[in-house]
Amino acid sequence: MWHPQGDPMSPYLFVLSMDKLTHIISDVIETGRWKPMRAGRNGPWISHLMFVDDLLIFGQATTETMTAVREVLDTFSAMSGHKVNYDKSSIFFSENVCTSLRTILSAQSGFKETNTLGNYLGVPALGRTPRVNDFNYLIEKVKKSLAGWKSKQLSLAGRITLAKSVIQAIPVYPMMSMPIPKSCLYKIDKIQRAFIWGDGEEKKKMHLISWNKITMPKHCGGVGLRRLDYMNDACLMKMGWSLMVGEHSLWGQVLLGKHGREFETRGKLTSPNDSALWKAIVRLWPKMEEFRCWNIGDGSRVNFWKDKWIDGQLRLIDVGANVPPEARDWKLKDMVNEREDWKFDMLSNILPPAIILRMHAILPPNTRDGADKLIWPGENSGRFTVHAAYKLIANNQVAESSTVWNQIWRINVMERIRVFVWQLKHGRLLTRQWLARMKLGEPYCDNCYQFEESILHVIRDCPIAVQTWQHLLHNNGRGDFFLAQL
Ligand SMILES: [Zn+2]
């Protein structure tokens, strides 16, 4: 990695001069003296990458290439006035390069050899499968942001809000480009849990509502705190989606060149030595196929049964139609007759009438409309967003949702009251009745000493509470109110 030192006043001039550098490099590569590197057998050749004022140079480990690299850097320095900063530059060898060659090339280059690439743009550049230790910095950061002293000054609602914002800010960035080990995510989860329930250094508090419930979507009884494993998947789907829609990014070409093999035919997709990122994308691929939907063009790519093309939710294979075996691979374009209309005479024999009715409202594919286009559901634009992906993944995992939860989050009061009501609805308040069940004291109410202190007793039935409610409630509604159950 070469780090040039330039005039900080002129970033634009810098960009222009780096453009010139690219020309010089291309010219030398043309002569064959600088042999660039290739990612995999089919990947692109790479000689250099630039980002802001960083320059990464790639080449085969030969003295000839190194001579050419030095020449290019010297020529460029002389032309532009930029100097190489040897303190900030280093050289990194592939593990296949032997020690003696390393010594020769390091000396020739003038750069120190390094065996780690360190962090680049805040993310560890590993060149191998990430391990838990690589992410200790992440755990430390979360720990620091959710320090115990903060929890003592906040309500439950406040602690939930802070935990949410910290989690959305810290781990998401590295999550965008690599799968973070599950055990690391679990540690971060644990820090959040302890913070939310106000655990001290030594003393653990009661975690009243299970983590599983808290991290459910809001309409299912959670508080909208995100599950980190789902979040990581949603972030990585962004990269997977870019490959799926065929964006020709350099990183995509590198990944496909290195690991792609039989990717087009969905043949052999991974081997044990593949990068963790590639394995993650392959793992998430079927999920993306399940979520994605289609904007109909010429109908040549869309499977009539297995793809979503009617409304973004529905697949015909799920409507209970009797699919003849020879029809499984039908594409949309096969369903159009010579009058450019759907083949309703044939379809009405195999599809339910309700579907036929809906198809009347959909324009059949037509070659004039260009290629079929992939659409990511959940956003009006049809473009992929991590937010929409997270929602799809999370909603996919939950069995039941209830309107009660949404009603709670819509009550027009302070957030901490809504969180209190949410807690009540879960039936989780640390009452004496509950404590007594755990053999922690007597179950009786501290105020009236007559009844067991249940949740309903605390908030409604204790004589003190009754008095308050009588002030607040209209005569008409009182009967129902005092008879209702939670
Ligand atoms: Zn009482």
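**Group meeting talk: helices, a hairpin and some exposed residues**

Let me begin with a single residue: Glu340 counts as exposed, because 12 other C-beta atoms lie within 10 Å, and the cut-off for exposed is 12 or fewer. Glu340 sits in the loop between β11 (293-295) and α13 (344-347). Its backbone deserves a remark as well, since Glu340 is not a glycine and yet has a positive phi of about 60°. I should say at once that the model we are looking at is predicted.

A second residue belongs beside this one. Tyr449 is likewise a residue other than glycine with a positive phi, here near 55°. Tyr449 is placed in the loop between α18 (432-437) and α19 (455-461). Is Tyr449 buried or exposed? With 8 other C-beta atoms within 10 Å, Tyr449 is exposed.

Let us now step back to the whole chain. The protein chain contains 21 helices and 12 strands. Measured against what rule should we judge its overall form? For 486 residues, a compact globule would have a radius of gyration near 23 Å, but the protein chain has 31 Å. The C-alpha trace spans about 95 × 70 × 45 Å along its principal axes. Of the 486 residues in the protein chain, 21% are buried. Among contacts with a separation of 6 or more, 61% are between residues 24 or more positions apart.

I turn next to the packing of helices. Two packed helices are described by the angle between their axes and the distance between the axes. At what angle do helix α10 and helix α12 pack? Helix α10 (residues 228-244) and helix α12 (residues 276-291) pack at an angle of about 80°, and their axes are 9 Å apart. Angles of 65 to 115 degrees count as roughly perpendicular, so α10 is roughly perpendicular to α12. On the α10 side, the contact is made by Asp233, Leu236, Met237, Met239, Gly240, Trp241, Leu243 and Met244. On the α12 side, the residues are Ala280, Ile281, Leu284, Trp285 and Met288. By type, the residues of this contact between α10 and α12 are 11 nonpolar, 1 polar and 1 charged.

Another pair of helices may be described in the same terms. Helix α6 (residues 156-169) and helix α17 (residues 415-425) have axes that come within 8 Å and cross at roughly 100°. The two helices, α6 and α17, are therefore roughly perpendicular to each other. Leu156, Ala157, Gly158 and Ile160 of α6 make this contact with Glu415, Arg416 and Val419 of α17. The residues of the contact of α6 with α17 comprise 4 nonpolar, 1 polar and 2 charged.

From helices we pass to strands. Strand β4 (residues 48-51) and strand β5 (residues 54-57) run antiparallel and are joined by 4 bridges. Which residue of β5 is the bridge partner of His48? The partner is Ile57. The hairpin of β4 and β5 has 2 residues between the strands, and Val52 in this hairpin takes a positive phi near 50°.

In a regular strand the side chains alternate between the two faces of the sheet. Strand β5 shows such alternation: Leu55 and Ile57 point to one face and are buried. Asp54 and Leu56 point to the other face and are not buried.

Finally, I would draw your attention to helix α20 (residues 463-472), where Val466 is found. Why does Val466 count as exposed? Val466 counts as exposed because it has 12 C-beta neighbours inside 10 Å. Leu55, which we met in β5, is 411 residues away from Val466 along the chain, and their C-alpha atoms are separated by 73 Å. Ile464 also has its place in helix α20. Ile464 is exposed, since 11 other C-beta atoms lie within 10 Å. From C-alpha to C-alpha, Ile464 and Asn447 are 7.9 Å apart in space, with their positions 17 residues apart in sequence numbering.

Technical notes. Residues are numbered from 1 along each chain as its sequence is written. Axes are lines fitted to C-alpha atoms, for helices over the stretch in contact, and angles run from 0 to 180 degrees between N-to-C directions. Angles under 35 degrees count as roughly parallel, over 145 as roughly antiparallel, 65 to 115 as roughly perpendicular and the rest as oblique. Two residues are in contact if their C-beta atoms, placed from the backbone, lie within 7 Å. Ala, Val, Leu, Ile, Met, Phe, Trp, Tyr, Cys and Pro count as nonpolar, Asp, Glu, Lys and Arg as charged, and the others, Gly among them, as polar. A residue is buried if 20 or more other C-beta atoms lie within 10 Å of its own, exposed if 12 or fewer, and partly exposed in between; C-beta atoms are placed from the backbone. The radius of gyration is taken over C-alpha atoms; the globule rule is 2.2 Å times the number of residues to the power 0.38. Two strands pair if DSSP finds at least two bridges between them.
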